[in-house]
Amino acid sequence: MKRLSFFKFFVSRKLQSRMLWIVIFCCGAFSCEDEIRTNIPWAPVSLTLYLNDIDKKLLNINQPQLYTAQKPNGHNEQTDRFGYGGILVTNTGAGTGINLLAYDAACQVEADRTAVAPDESGLHAVCPKCGAVYSIVSGGAPVSGAKYGLQRYTVTRGTLTNSFVVTN
Ligand SMILES: [Zn+2]
């Protein structure tokens, strides 16, 4: 009787061990999807863009604008929040189909506050330190030299016509 219970105990332990491995495997598989693919530290972002006024340059397609506390680009460096390395905004929608994409300008390689700079085409942003290239018309995806894409920020419509709000 004692032996039997020991056997049962042994089997259940083995089963438990297998189940544990299954649980670990599942957690691993699912956690990959939740993994944050960025090296950029969280930093507050709060910037309202006025495309009928101070931000009218953004009405042009693929002419990215950079906003930082040092170069607020017409915004308030005291009250607005410019993310970690500044906020890079570009419009990929022509005419009335405004489609703004906003990124943290910090390069994913150094993850310091050096801002990436748009190239002449306005399609890419290049890191002045390491030369990493990002596609800013397709979600900030790395083109070369970086593992992760630029940190993306959310853009929603504001209360005024052609105003937009950039937030984390
Ligand atoms: Zn870099």
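**An open sheet and two of its residues**

Gly93 is exposed, because 11 other C-beta atoms lie within 10 Å; a residue counts as exposed if 12 or fewer other C-beta atoms lie within 10 Å of its own, as buried if there are 20 or more, and as partly exposed in between, with C-beta atoms placed from the backbone. The model is predicted: local features need pLDDT of at least 70, side-chain atom pairs count only at pLDDT 80 or more, and totals for chains, interfaces and linings use all residues. Residues are numbered from 1 along each chain as its sequence is written.

Gly93 is found in the loop that runs between strand 4 (87–91) and strand 5 (100–104). Strands (E, at least two residues) and helices (H or I, at least four) are DSSP runs, numbered from the N terminus. With residues up to four places away in sequence left out, Gly93 touches Ile98 and Asn99; contact requires that the C-beta atoms of two residues, placed from the backbone, lie within 7 Å. Asn62 is 31 residues from Gly93 along the chain, and their C-alpha atoms are separated by 8.5 Å.

Strands 4 and 5 belong to an open sheet of seven strands, in the order 2-4-5-10-11-1-3, with antiparallel pairing. Strand 2 (65–67) and strand 3 (81–82) stand at the edges with a single partner strand each, so one side of each has no neighbour in the sheet. Pairing here requires that DSSP finds at least two bridges between two strands.

Strand 11 (residues 163–167) pairs with strand 10 (residues 152–157) in the antiparallel sense over four bridges. Among the partners, Thr154 is bridged to Thr167, and Thr156 to Val165. These two strands form a hairpin with five residues between them, and Asn162 in the turn has a positive phi of about 60 degrees. Strand 11 also pairs with strand 1 (residues 45–50), in the antiparallel sense and over five bridges; there, Ser46 stands opposite Thr167.

In a regular strand the side chains alternate between the two faces of the sheet. Along strand 11, Phe164 and Val166 point to one face and are buried, whereas Ser163, Val165 and Thr167 point to the other and are not.

Leu49 is found in strand 1. This residue is buried, because 27 other C-beta atoms lie within 10 Å. Not counting residues up to four places away in sequence, Leu49 touches Asp55, Leu58, Val89, Ser163, Phe164 and Val166. Leu160 is 111 residues from Leu49 in sequence, and the two are 9.9 Å apart in space, C-alpha to C-alpha.
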